[in-house]
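Subject: Model handed over, with notes on what was found

Dear colleague,

Please find the structure below, followed by my notes on it. I would be glad if you read them with the model open.

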Amino acid sequence: MAVKAGSLPENPSEMRAAAMKHLWMHNRGWDELAEDEPIVATSGHGIRINDSEGRSWIDVNGGYMSVHIGYGRTEIARAANKQMEQIHYFPHGTTSAPAVQLAAKLDQITPGDLTRSFFVSGGSEANETSVKIARAFYRRAGHAGRYKVISRKESYHGALGLTMWLGGSTGSSGRADYEPAYPGMVYAPQPNPYRCEMGGESPDECAERCARAIENLLLFHGPDTVAAVIAEPVAVPPAVAVPGDGYWPRLREICNEYGVILIADEVITGFGRTGKMFAVEHWDVVPDVMSVAKGIISSYLPLGASIAREGIANAFSGGPDTKFFQHVLTFAGHPVPAAAALENIRIIEEEDLVENSAIVGAYFL
Ligand SMILES: Cc1ncc(COP(=O)(O)O)c(C=O)c1O
């Protein structure tokens, strides 16, 4: 095999030229970049990052709304390094102390009996896992016909083969490349009080009408064909749509009434973003399955989790081998991100960052 000669890019202009030639960036085409782009972030501290040109920027979005504790927290680097030096992975069929401790920690900080965590590498994988749990749960419960998933228009739940078809907007060009859609997708209105598709004139009216629309969809499709409703407590794509207060409690009631699994996608809202550790706590709702990522590790390493209530998880044990959850990912339960996430959650708790988020959020509002 021929070896390509040449050294790796180092100075800013070499770096930019090499990025233009070799790097497939997220969310941007390389032909759309300006002459002095891409910005190459080289270091960071708190809310600021520095780039390869020596400039300093405030990262208003906090990464992808995912750098909860800020940049440059060396405690996280130390925790990851310590774990990596001790043991960086695990033999097939075993686990590690940080994975066990993180699962126990998530049980402590999540509402209700969300007791069992399946670890993955990010938010899309977490939602993919949550939907698979819902479908597999019903097969084990003798209701294999329950496979449909209700999501809301304008929601975002991920970019994978299944999750990319949850939510979304009409004519969303990003999806046209990947037709045909995943089977069993059912779309409900977004309870967006600013532009309520159901004509609700107040947040409460919009919430009630949009929740009722989900019930109507359930009845139309037949509840015995629906496995789950998935929703973000606060949807970010429609300019951060905070639903009226009645929405989540009604959703919980409807899912209870028709025996449908309620999945809360807390990927972007979790770990303090909304002034509570998890946004569903604003409405005292316990979902059946919760997807988390981003803030669980403040983006220091890739990590997500799908956290199930005890009653859901128990359906996967106590029987023949085929009852266990058949969903294998090499990096699921990786000890290094688990150790880093434990340190991240320690910082969130010790520095009262959830309370701080409530205070700063009210100020910004
Ligand atoms: C609510 C929500 N769910 C899922 C995802 C997908 O997460 P990831 O990009 O980590 O796969 C995102 C990402 O922005 C999100 O905001």
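To begin with the ligand: how far from a nitrogen atom of the ligand does a polar side-chain atom of D265 lie? The distance is 2.7 Å, and it falls under the heading of a polar contact, that is, a pair of N or O atoms within 3.5 Å, where within protein one atom must be able to donate a hydrogen and the other to accept it, and residues adjacent in sequence count only if both atoms are side-chain atoms.

Before going further, please keep in mind that this is a predicted model, in which local features need pLDDT of at least 70 and side-chain atom pairs count only at pLDDT 80 or more, while totals for chains, interfaces and linings use all residues. Residues are numbered from 1 along each chain as its sequence is written, and side-chain values use heavy atoms, with hydrogens and water left out.

The ligand site

Two further contacts accompany that of D265: a polar side-chain atom of K294 lies 2.8 Å from an oxygen atom of the ligand, and a backbone N or O atom of Y156 lies 3.5 Å from a nitrogen atom of the ligand. Taken alone, the ligand exposes 390 Å², of which the protein buries 78%; accessible areas come from the Shrake-Rupley method with a 1.4 Å probe, and for residues only the protein chains shown count as cover.

The residues around the ligand (those with a heavy atom within 4 Å of it) are G122, G123, S124, N127, Y156, H157, G158, E232, D265, V267, I268 and K294. By class, this shell has three nonpolar, six polar and three charged residues, where Ala, Val, Leu, Ile, Met, Phe, Trp, Tyr, Cys and Pro count as nonpolar, Asp, Glu, Lys and Arg as charged, and the others, Gly among them, as polar. Helix 5 (residues 123-140) gives the largest share of the shell, three residues; helices (H or I, at least four residues) and strands (E, at least two) are DSSP runs, numbered from the N terminus.

Domains and sheets

An automatic or database domain assignment gives the bounds of domain 1 (26-60) and domain 2 (74-364), and the C-alpha centres of domain 1 and domain 2 lie 30 Å apart.

One open sheet has three strands in the order 1-2-3, paired in the antiparallel sense, with pairing taken to mean that DSSP finds at least two bridges between two strands. Strand 1 (41-45) and strand 3 (56-58) each have a single partner strand, so one side of each is left without a neighbour in the sheet. Four bridges link strand 1 to strand 2 (residues 48-51), and S43 stands opposite N50 in strand 2.

Another open sheet has seven strands in the order 4-10-9-8-7-5-6, with mixed pairing; its edge strands are strand 4 (114-120) and strand 6, each of which pairs on one side only. Strand 9 (residues 289-292) and strand 10 (residues 304-309) run antiparallel and are joined by four bridges, with V289 opposite A308 in strand 10.

Backbone points to check

A cis peptide bond joins E37 and P38, with omega about -5°, and P38 lies in the loop between helix 1 (12-22) and strand 1. The bond from E179 to P180 is also cis, with omega near 0°, and P180 lies in the loop between helix 6 (173-176) and strand 6 (185-188). Finally, M65, found in helix 2 (residues 62-65), has a positive phi near 50° although it is not a glycine.

With best regards
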